[in-house]
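Please examine the chain shown here with attention to how its helices, strands and domains are arranged. The report that follows begins with a pair of helices and then turns to the sheet and the domains.

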Amino acid sequence: MGKTKIGIVGTGSISHYHLKAYQKNADVEIYAVCDVNGERAAVTAASFGASAVYTNYAAMMADPQVDAVSICTWNNTHAPFAIEALEAGKHVLVEKPLCLTVEQALEVEKTVVKSGKVLQIGYVRRYDPNALMLQQWIARGEVGDIHYAKASSLRRLGNPGGWFADKSRSGGGPLIDLGVHIIDLCWYLMGRPKVKSVSGNTYKKLGQRSHVKGLTFYKSADYDANSNTVEDLANALIRFENGASLMVDVSFTLHARKDEGLVRLYGDKGGIEIDPEVLLVTEKSDTIVTVSPQTDHASFDADQAFQNEIDHFISCCREGRSPESPVQDGVEMMKILCGIYESAELGREIVFD
Ligand SMILES: NC(=O)c1ccc[n+]([C@@H]2O[C@H](COP(=O)([O-])OP(=O)(O)OC[C@H]3O[C@@H](n4cnc5c(N)ncnc54)[C@H](O)[C@@H]3O)[C@@H](O)[C@H]2O)c1
């Protein structure tokens, strides 16, 4: 079997994590890149040795040499681009979130089944070495049944602006951008229980706060201080059919002393923390102990996580295997995220049948 020829659409910031990882995979040729910004596409192609450069996605999809695509564009393009690629007979790695609505997620799922191609969602937190280790511990019963999880991703100042701040292109603010990562990580480690109900709140009180001095933060290329249509804070209580629950809060900006990342899961045999540092709390000879694993990184290792994600995608494509983060998980996630937005809008809990 020859190398798997990859095409990347969207050559902004996250694409470079994909490209660096593809570059290190011996079974891959970075064949094509595509971006509506032709200059950005050309620079990226030159840096990573891609032989084909496109500014039109349909043209890249018509290229029979492309075996698989990484979709690294704005959230509103994920579903149409994934469907177009699958229908053109290509495997798909799509960045999070899978799409903007449950209906779109079901449409993508239908196309995956019909095409028989691989679709992997870029839930990169699942592929982090610490998450992989904890998943094994959970499978071996070290934590017992997980009944509660709590996750926060709070930025005091960090609305990236541009498309991130434009609801029509992003689908929302910190909930769909940051929340998707930590909700997915908890849900995955909890054993992917079916969601029963969600109750959420969103707030749009502080805006982009572009007047703030003294703190730098990531800004998207097309940053516009006057335009912001997304929430700056969201919180939610998610109930699952197995009785477990997850509490989450996320912000792009908040009057907080510092940024905070927290992911904790509690079982009947032990508790685990992933953010800010991986650890296990359990009992040993009638004493509560905190076990601090000796691993290369105490917290999220982005480079290795992306490498694992990309290596897994390539082996699924080549071996015809189902990925660890399949389209079905995107459908359940869109139920949760859209349910939270709906709950916040209606001011009441949303119950799923
Ligand atoms: N896994 C993670 O940790 C992580 C982190 C950041 C972003 N992301 C996701 O990656 C995606 C991209 O985010 P980013 O930060 O790289 O954004 P970005 O703005 O830096 O890059 C997006 C690129 O897509 C291009 N683009 C937009 N529409 C296009 C189209 N129709 N055809 C071709 N190119 C098009 C833009 O010109 C831009 O170069 C988003 O879905 C985001 O949620 C994931």
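Helices α8 and α10 are oblique to each other, because the angle between them falls outside the other classes (under 35 degrees counts as roughly parallel, over 145 as roughly antiparallel, 65 to 115 as roughly perpendicular, and the rest as oblique). Helix α8 spans residues 174–189 and helix α10 residues 327–346, and they pack at an angle of about 130° with their axes 11 Å apart; the axes are lines fitted to C-alpha atoms over the stretch in contact, and angles run from 0 to 180 degrees between N-to-C directions. Helices (H or I, at least four residues) and strands (E, at least two) are DSSP runs, numbered from the N terminus. On the α8 side the contact is made by L175, I176, V180, I183 and D184, and on the α10 side by M333, I336, L337, I340 and Y341, where contact requires C-beta atoms, placed from the backbone, within 7 Å. By class, these residues comprise nine nonpolar, no polar and one charged; Ala, Val, Leu, Ile, Met, Phe, Trp, Tyr, Cys and Pro count as nonpolar, Asp, Glu, Lys and Arg as charged, and the others, Gly among them, as polar.

This is a predicted model, in which local features need pLDDT of at least 70 and side-chain atom pairs count only at pLDDT 80 or more, while totals for chains, interfaces and linings use all residues. Residues are numbered from 1 along each chain as its sequence is written.

Helix α8 also lies across β7, β8, β9, β10, β11 and β12, running at about 155° to β10. The open sheet has nine strands in the order β14-β13-β12-β11-β7-β10-β9-β8-β15, with mixed pairing, two strands being paired if DSSP finds at least two bridges between them. Strands β14 (287–291) and β15 (350–351) stand at the edges with a single partner strand each, so one side of each is left without a neighbour in the sheet.

Three antiparallel pairs are listed below, each with a bridge partner.

| Strand pair | Bridges | Residues opposite each other |
|---|---|---|
| β8 and β9 | eight | S197 and R239 |
| β12 and β13 | three | E273 and L279 |
| β13 and β14 | five | K284 and T287 |

Strands β12 and β13 form a hairpin with three residues between them. The hairpin of β13 and β14 has two residues between its strands, and S285 in that turn has a positive phi of about 45°.

At the level of the whole chain, an automatic or database assignment gives domain 1 (4–123) and domain 2 (126–305 + 333–351). Contacts between them involve 14 residues of domain 1 and 17 residues of domain 2.

Definitions and conventions
Two residues are in contact if their C-beta atoms, placed from the backbone, lie within 7 Å.
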